[in-house]
Amino acid sequence: MPVTIITAVESTDLFTGPEGAPRQLLRVTIEGPAARITVSGTGVRGEAAGTGLVEVPLEITGASPGDRLPVVVRASSSEMPGVVEVAEPGWTMFLVSHFHYDPVWWNTQAAYTSPWELLSADATTRPLWERNGFALVDAHLDLALRDPVYKFVLAEVDYLKPYFDQHPERRETLSLLLERGQVELVGGTYNEPNTNLTGAETTIRNIVYGIGYQRDILGGDPRTAWQLDVFGHDPQFPGHLAAAGLTGSAWARGPFHQWGPIQKNFREGKDDARVMQFPSEFEWIAPGGEGVLTHYMPHHYSAGWWMDSSPDLATAERLTLVEGLEHPGDPAQPDNHHRH
């Protein structure tokens, strides 16, 4: 006859139940037939049933966040000790991916804004679960209307202008969210120019048209040049930005790695932004002396790939919370995810 065996007991900071009576979850791994699982200890009790990975809601009394409470977990004739680290309820972490455009580089501007599921039924053009530019703008605007604490940025004019040309009924929504401070227009340029490949006049026109449209047409107040995926940076570019009244920039591609400031950690044998000798924030100064505060994005595309490529939700949750701050990242791109 198969025997039920407890193989692992893991404390989590996850909660279930109503906000007024949250129950912290203890993860118990069971091999064998399903069984009734009980958890007992000083100030701790809980029960559930199942096999495999079972989340047991706990009732905890007389303890404070950070306390470590010994417990005993029982399932049929199997028994295993464990420790519950008391967590604080009420926290939710949201990871919301930004998006940007690659018109001309990857596809035409029209194709990037249109539904590519109509262009490629077999998903060879783009995965069907990825939304096109217009749908992404709609999704951010609608979420901000539903959730007053949700904030986001919109960047390049090369998707904003065709969007608002095509959907003038949404201009009032954008104005409302700008007034509330829920959306910020960044970019500072019409698109993301590779300024080492263009002349000074082309770069200046890009800045003038970009700032002009965001400020004078859309009613924003752009202060940051959003150049996150630019392949090259002209040393004079920060001077042009400062002259146009911008105070900052953000980008990733550049020294050390094609995706951002990643260097090899030879001790651990993996890419790791922690060992690179280039600051993530610095004053980017042009030869003429003008400059802007710049953020050089650690990991960039690779941040979150380990989460996106996780085999299941539980693994993604664990990596995001426990390992996310120290994980070196793998060649990948971020994904949307939330954790309670």
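In helix α5, the residues Thr203, Asn206, Ile207, Gly210, Ile211, Gly212, Tyr213 and Gln214 are buried. This helix is a convenient place to enter the structure, which is a predicted model. The buried residues of α5 pack against β7, α3, β8 and α6, the last of these covering residues 237-243. Another part of the helix faces outward, for Tyr209, which lies in α5, joins Ile204 and Val208 in a nonpolar patch on the surface, and the three together have about 290 Å² of accessible area. The length of α5 can also be checked against expectation: at 1.5 Å a residue its 18 residues should span 26 Å, and because the C-alpha atoms at its ends are 25 Å apart, the two values agree. After the helix comes Gly219, which has a positive phi, near 85°.

Stepping back, the chain as a whole has eight helices and 15 strands. It counts 340 residues, of which 41% are buried, and its accessible surface comes to about 18100 Å², with 54% of that area belonging to carbon and sulfur atoms. Among the contacts between residues at least 6 apart in sequence, 60% join residues that are at least 24 apart.

One of the partners of α5, helix α3, is mostly covered, since seven of its ten residues are buried. These are Val157, Asp158, Tyr159, Leu160, Pro162, Tyr163 and Phe164. The buried residues of α3 pack against several elements, namely α1 (109-113), α2, β7, α4, β8 and α5 (200-217), and the contact between α3 and α5 therefore appears again from the side of α5, whose own buried residues pack against α3.

In soluble globular proteins, nonpolar side chains tend to be buried together. Here the largest nonpolar core holds 29 residues, and within it Phe152, Leu154 and Tyr159 touch the most other members. The elements that contribute two or more residues to this core are α2 (133-146), β7 (152-154), α3 (157-166), α4 (171-180) and β8 (183-185), and of these α3 gives the most, with five residues. Phe152 shows what such a position looks like in detail: apart from its neighbours within four places in sequence, it is in contact with His140, Leu141, Ala144, Leu177, Gln182, Val183 and Glu184. A second core, separate from this one, is made of 18 residues and includes Ile30, Ala48, Ala75 and Val86.

Earlier in the chain, Val28 offers another view of a covered position. Val28 is found in strand β2, which runs through residues 23-41, and with a relative accessibility of 0% it counts as buried. Not counting residues up to four places away in sequence, Val28 touches Ile6, Ala8, Ile37, Gly52, Leu53, Val54, Val56 and Val73. The first-named of these, Ile6, is 22 residues from Val28 along the chain, yet the C-alpha atoms of the two are separated by 7.2 Å.

Charged side chains form the last part of this tour. Side chains of opposite charge can pair when their charged atoms come close. The structure holds 14 salt bridges. In one of them the side chains of Glu85 and Arg68 meet at 3.6 Å, taken from N to O; Glu85 lies in strand β5 (residues 78-85) and Arg68 in strand β4 (residues 68-75), so the pair ties together parts that are 17 residues apart in sequence. Of these two partners, Glu85 is partly exposed, with a relative accessible area of 41%, whereas Arg68 is exposed, at 55%.

A further salt bridge joins the side chains of Glu79 and Arg74, at 3.0 Å from N to O. Glu79 is exposed, with a relative accessible area of 51%, and Arg74 is partly exposed, with 34%.

Returning to α3, a salt bridge also joins the side chains of Lys161 and Asp165, at 2.8 Å from N to O. Because these two residues are four apart in helix α3, they are separated by about one helical turn. Lys161 counts as partly exposed at 31% relative accessibility, and Asp165 is likewise partly exposed, with a relative accessible area of 43%. Elsewhere, salt bridges that share partners join Arg23, Arg45 and Glu59 into one network.

Terms used: Residues are numbered from 1 along each chain as its sequence is written. This is a predicted model: local features need pLDDT of at least 70, side-chain atom pairs count only at pLDDT 80 or more; totals for chains, interfaces and linings use all residues. Side-chain values use heavy atoms; hydrogens and water are left out. Buried means under 20% relative accessible area, exposed over 50%, partly exposed in between (1.4 Å probe, protein chains only). Contact means heavy atoms within 4.5 Å. A nonpolar core is a set of buried Ala, Val, Leu, Ile, Met, Phe, Trp, Tyr and Cys residues joined through side-chain atoms within 4.5 Å. Accessible areas come from the Shrake-Rupley method with a 1.4 Å probe; for residues, only the protein chains shown count as cover. Patches are made of residues with over 30% relative accessible area and no salt bridge: like charges are joined within 9 Å, nonpolar side chains (Val, Leu, Ile, Met, Phe, Trp, Tyr) within 5 Å. A salt bridge is a side-chain nitrogen of Lys or Arg within 4 Å of a carboxyl oxygen of Asp or Glu. The expected span of a helix is 1.5 Å times one less than its number of residues.
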